[in-house]
Amino acid sequence: LLLVYLAAFVFAILFPFNIVATQADWSAKLHALPSQLFSGPGVGRPLVERLAIFGGQVVAAMPIGALLSVLPSGRGRRPAEAFLLGAGWGFTVLIAHLFIIDGQSHLYSLATNAAGFWSGAVAVGWLRRADPVRLLRWLQVLVPFLVLPYLVAVVAVNDLTRPEWRTVEQAIQAVDWRGIYPFWHHYIVSKSQALLSSAVHVVMYAPIGVFVWAYRPGPSSGGARTAAFLAAILAAIVEIARQFKPGLQIDVANVIIGSLAAAGTFALSGLLWRWFAFPPAARSTGPGAAAGSQAAPSPAVEPRPAG
């Protein structure tokens, strides 16, 4: 699964594969390079959105750091090594984007990739030492306290905290009806911008999948549908609210992205839990180990803490 993610990660970096081929392309790239190198994430956007983009890129790199730690060749690798590998990967991405017309080379990508690789390696080490059942119980206790901060963050990231609002009549008049068509806004911007926007919204709505999984961890509990439904409702509310903000527009695609992200995160949470509760090494070392692994408790039958 992590290898599939790595392939998708590389695809996203190189997308849309429009390679610099002419002298005019090279001239344009080199002219824009100095300003790109030292610019931060989400230039021109509110601070909260810029921080969200930076954090989203760190989160996107975390699975690669986790992969480096779970591969047989990476066992025993210290997080500091993953940090250096992440910085090297960030430099490779920076160079690769020089050869892509829509690519943008930013120095901050060294920091986001290094932090993501390091965080992924640290998370794997911590999860290997943790008791998965106790971890699930703690998650069930924490989720009610995380919901409100999460909703506040979603409101802030979508720039809904400004006091200016449109009236109902103004909001209707300002509707760009083309945005009702899914992914219209992704079509009219550069592919790199569309991909970044999609990634930000995946990170934004993915926590809903974790929240639902904490209380419906069984693979056949219907939790994926519940997570998708809740994410779609929240995303729809957010998009309608955005239409009432001057300068913002509704984007139906974000409802689709949010629901898929929540459902996918629900499924991924179950896979990760089973991976740590029933380690592959324990399942593959013989009948005795397999029998021992069967004794590990299933999250579907774990009692939830009172209160």
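**Close-up 1. The second largest pocket has a volume of about 560 Å³.** This is a predicted model, and here we zoom in on that pocket. Its lining is made up of 23 residues. If you want to find the middle, look for R45, S197, H201, R242 and D251, which lie nearest the centre of the second largest pocket.

**Close-up 2. Several helices share the lining of the second largest pocket.** Two or more lining residues come from each of helix 3 (47-70), helix 8 (184-187), helix 9 (191-215) and helix 10 (223-243). Helix 9 gives the largest share, with six residues. Sorted by class, the lining has nine nonpolar and nine polar residues, plus five charged ones.

**Close-up 3. Helix 3 packs on helix 5 (residues 108-129) at an angle of about 50°.** The axes of the two helices sit 6 Å apart. Angles that are neither under 35 nor over 145 degrees, nor from 65 to 115, count as oblique, so helix 3 is oblique to helix 5. The crossing of helix 3 past helix 5 is right-handed.

**Close-up 4. Here are the side-by-side residues where helix 3 meets helix 5.** On helix 3, the contact residues are F54, Q57, V58, A61, M62, I64, G65, A66, L68, S69 and V70. Helix 5 answers with Y108, A111, T112, N113, A115, G116, F117, S119, G120, A121, V124 and R128. Tallied by class, this contact of helix 3 with helix 5 has 14 nonpolar residues, eight polar ones and one charged.

Note on methods. Residues numbered from 1 in each chain as written. Predicted model: local features only at pLDDT ≥ 70, side-chain atom pairs only at ≥ 80, totals over all residues. Heavy atoms only, no water. 1 Å grid on protein atoms, 1.4 Å probe; cavity = no way out; pocket = protein on both sides within 12 Å on 5 of 7 lines; lining within 4 Å. Points joined across faces, edges and corners; volume = space filled by probe spheres on them. Helix = DSSP H or I, 4+ residues; strand = E, 2+ residues; numbered from the N terminus. Nonpolar A, V, L, I, M, F, W, Y, C, P; charged D, E, K, R; others polar. Axes fitted to C-alpha atoms, helices over the stretch in contact; angles between N-to-C directions. Left-handed = near helix turned anticlockwise from the far one by under 90°. Contact = heavy atoms within 4.5 Å.
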